[in-house]
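Biologist: Mind walking me through this one? I have the files open and a handful of questions.

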Amino acid sequence: MAKELHYADEASKKMFKKAQEDNIDTIWERYEKMQPQCGFGLMGICCRICSMGPCRIDPFGDGPQTGVCGANADTIAARNLIRMIAAGAAAHSDHGRDIVNTLLLIAQDPTSDYQLKDIDKLKQVAAIYNIKTGNRENKDIALDLAKEALKEFGQQEGTLVMAKQAPPARVKLWEELSIMPRAIDREIVETMHRTHMGVDTDYKNIIKQGLRTAIGDGWGGSMIATDLSDIIFGTPNPLRSQANLGVLKKDMVNIIVHGHEPTLSDIIAIVSQDEKLINKAKEKGAKGIQIAGICCTANEILMRHGIPVAGNFLQQELALLTGAVDVMLTDVQCIMPGLRSLTNCFHTKLLTTSPKAKIEGVEHIEFHEDKAVSTATTIIETAIENFKNRDAKRVVIPTDTEGLIAGFTSESVFTFLGGKYRATYRPLNDAVISGRLRGAAGVIGCSNPNMEFEEAHIKMVIELIKNDTLVVTTGCNAISCAKHGLLKPETAFKHAGKGLQEICRAVGIPPVLHVGSCVDNSRILTILANIVAEGGLGNDISDLPVAGAAPEWMSEKAVAIGFYFVASGVYTMICQPLAVMGSKNLYDYLTDGIEAEVGGKWAFELNPVKAAHMMLDHIDKKRKALKLKPLVYEQAYKPVE
Ligand code: SF4
Ligand code: MSK
């Protein structure tokens, strides 16, 4: 059996121990059984793109140095890598497309179950597309916006309108480098074409297409997903909630929503408050209905409704092990097929809902946006009905929960830091310029059984805030931070440096700001663009004293995200390296040479504290280049030798 969890939150440790006692395999055992994993795959130098292969390059130089077709390690590793970008960009952007189609539905169907919840944002995003607003009906504006946004996916002429939200210097650079995306789908298709056998062979040219595809994700598909979700479901505002498995309730019907898209989960959150359904639950002996989330669906409904978070990626199986989940419903992405075998051990009904993501042998209740309320009602009734099948003797819910504040956005950070009457980024920029804040870091991304669960997330974030660096977070990092108490204002007084403490005290924010789900990394791009526009910290994102990290990354989406941050000029850290270590040329290019072209680069460092210090070194380098004042409070922090 696998090791213990040493660094995870207490609830995860308890449930992991329970799994071991009950002899139930989880992701950690499956990971251990997979050892040793293929070294060629880890180094990125195996290729199975055509049937003359599979081919592999000998990393020690004794065996073959090219595949059957003559492709070398640089070509093979670069091709594999940008195929990961294409898959990640496709996942985010297909999510974005579904949100656009929901907006279209609202505009065309007056009886739709969805509404336009943020009209200011509707008009603001419409203006990006030069859509007239004036006295027009909101539904007409929404119709035009949906049509324009849909064009971004498949247009055959021009370049992405949304990507022009980047600072002008960045847009100019992308145009000069010919990496301004033309259309979201087109870049994904071209990536697949170029990586077909015998097409693009030059590793730098391959990466260039990877950058263009990634920009189409961050400043295209993901940004559209975020902005249009705000219009439909409401732009989040800071709110309080709870995180960890203790949010499940022994005496309630527990429904977990899991995946990424908010279209169904948002409706579930609303419909679950229906008195009739609550009374039905009571008739079945429950005290009510508890909705909780896993992964980024959790983040979506936390940010907008304050629905508590049960856990992050590595906790999806642990949640079922409580024996208290009546329904776990899934939409798309980060859903482990391994959940199915757990439902054989407990009464939990696992329900898939997306036609894109079925699991063999698992009940499927297909969700379509035009029948949103009726599908949500059926799912909730299924959970109520299943409550009676719970085996009370097998229910073990850890009591651990932690309070949090979530719901920050590029707009609310703006209002918070500027104060109610000064809606401006000026105070934030001034805090950096005066040296009260060293800079800012985006720490995001998955959890992965190849690392000690949550150690890198938490150690890195604490090291950054200790050194007066404001952290913004999304995805599973945000959930880890929540469980470890880092999303509370009072955390600043325990862990943050004095300068950051002063800011947190003055405006009442935590030192770590939760800005949403994986697609909401686009909020971080918008924040960076706003900081540049505010002035005083250079002309481009690459001038800013900022850095990014996905310490425990796992998914292809994380690779796409990392590349759009690098393409935007951000120093981007991950602990486990990308699968490029078998190509010295590609490794050197991504961690060094690429910086001269786009201003950002990759860094890999397994030790999270050292990784944080490398990010701080980069931030200090940028402060020096901007000739900013010394820090108000010099820290014990020492640069990496
Ligand atoms: Fe081998 Fe070349 Fe085919 Fe890849 S494309 S499998 S390296 S022959
Ligand atoms: S859910 S992509 S494990 S952050 Fe967005 Fe978490 Fe990574 Fe999935």
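**Going through the model**

Modeller: Sure, and keep in mind that this is a predicted model. Let's start with D520: not counting residues up to four places away in sequence, D520 touches T226, E300, T474 and V515.

Biologist: Okay, is D520 buried or exposed?

Modeller: D520 has its place in the loop between β13 (512–514) and α22. Its relative accessible area is 2%. Buried means under 20%, so D520 is buried.

Biologist: E300 was one of those contacts. How many of the residues of α12 are buried?

Modeller: E300 is on the list of buried residues of α12, and so are C295, N299 and R304, among others. After α12 comes G306, with a positive phi near 75°. The helix is largely enclosed by the rest of the structure, because the buried count is 10 of the 11 residues.

Biologist: Which residues are the closest around ligand 2?

Modeller: α12 (295–305) and α19 (475–483) each supply at least two residues of that shell. By type, the shell around ligand 2 divides into eight nonpolar, four polar and one charged. There are 13 surrounding residues, and the closest are H260, C334, C446, C476 and C518.

Biologist: And ligand 1, how do the residues of its shell divide?

Modeller: The residues around ligand 1 include C47, C50, C55 and C69, along with G53, G67 and R79. For R79, the class is charged, while Gly counts as polar. The division for the shell around ligand 1 is nine nonpolar, two polar and one charged.

Biologist: G53 is followed by a proline. What is the omega of the peptide bond from G53 to P54?

Modeller: P54 sits in the loop between β1 (46–47) and β2 (55–56). Most peptide bonds are trans. The bond from G53 to P54 is cis, and so is the one from Q35 to P36, with omega near -5°. For G53 to P54, omega is near 5°.

Biologist: Back to α22. How is α22 oriented relative to α23?

Modeller: The axes of α22 (residues 521–534) and α23 (residues 556–567) come within 11 Å and cross at roughly 10°. Angles under 35 degrees count as roughly parallel, and that makes α22 roughly parallel to α23.

Biologist: Which residues in α23 does α22 meet?

Modeller: On the α22 side, the contact uses N521, S522, I524, L525 and L528. The residues of the contact divide into six nonpolar, two polar and no charged. In α23, the partners are I561, Y564 and F565.

Biologist: Which helix gives the most to the largest nonpolar core?

Modeller: That core has 167 residues, and I207, F563, L578 and L590 touch the most other members. Leaving aside neighbours within four places in sequence, F563 is in contact with L81, I85, I207, L211, A214, L578, L590 and W602. With 14 residues, the helix that gives the most to this core is α4 (residues 73–108).

Biologist: L211 is also a contact of I179. What distance separates the C-alpha atoms of I179 and L211?

Modeller: I179 lies in the loop between α7 (168–176) and α8 (184–194), and counts as buried at 1% relative accessibility. Its contacts, besides neighbours within four places in sequence, include K208, L211 and R212. I179 and L211 are 32 residues apart along the chain, and their C-alpha atoms are separated by 6.8 Å.

Conventions: Residues are numbered from 1 along each chain as its sequence is written. Chains are lettered from A and ligands numbered from 1 in the order in which they are written. This is a predicted model: local features need pLDDT of at least 70, side-chain atom pairs count only at pLDDT 80 or more; totals for chains, interfaces and linings use all residues. Side-chain values use heavy atoms; hydrogens and water are left out. A residue is near a molecule or strand if one of its heavy atoms lies within 4 Å of it. Axes are lines fitted to C-alpha atoms, for helices over the stretch in contact, and angles run from 0 to 180 degrees between N-to-C directions. Helices (H or I, at least four residues) and strands (E, at least two) are DSSP runs, numbered from the N terminus. Angles under 35 degrees count as roughly parallel, over 145 as roughly antiparallel, 65 to 115 as roughly perpendicular and the rest as oblique. Contact means heavy atoms within 4.5 Å. A nonpolar core is a set of buried Ala, Val, Leu, Ile, Met, Phe, Trp, Tyr and Cys residues joined through side-chain atoms within 4.5 Å. Buried means under 20% relative accessible area, exposed over 50%, partly exposed in between (1.4 Å probe, protein chains only).
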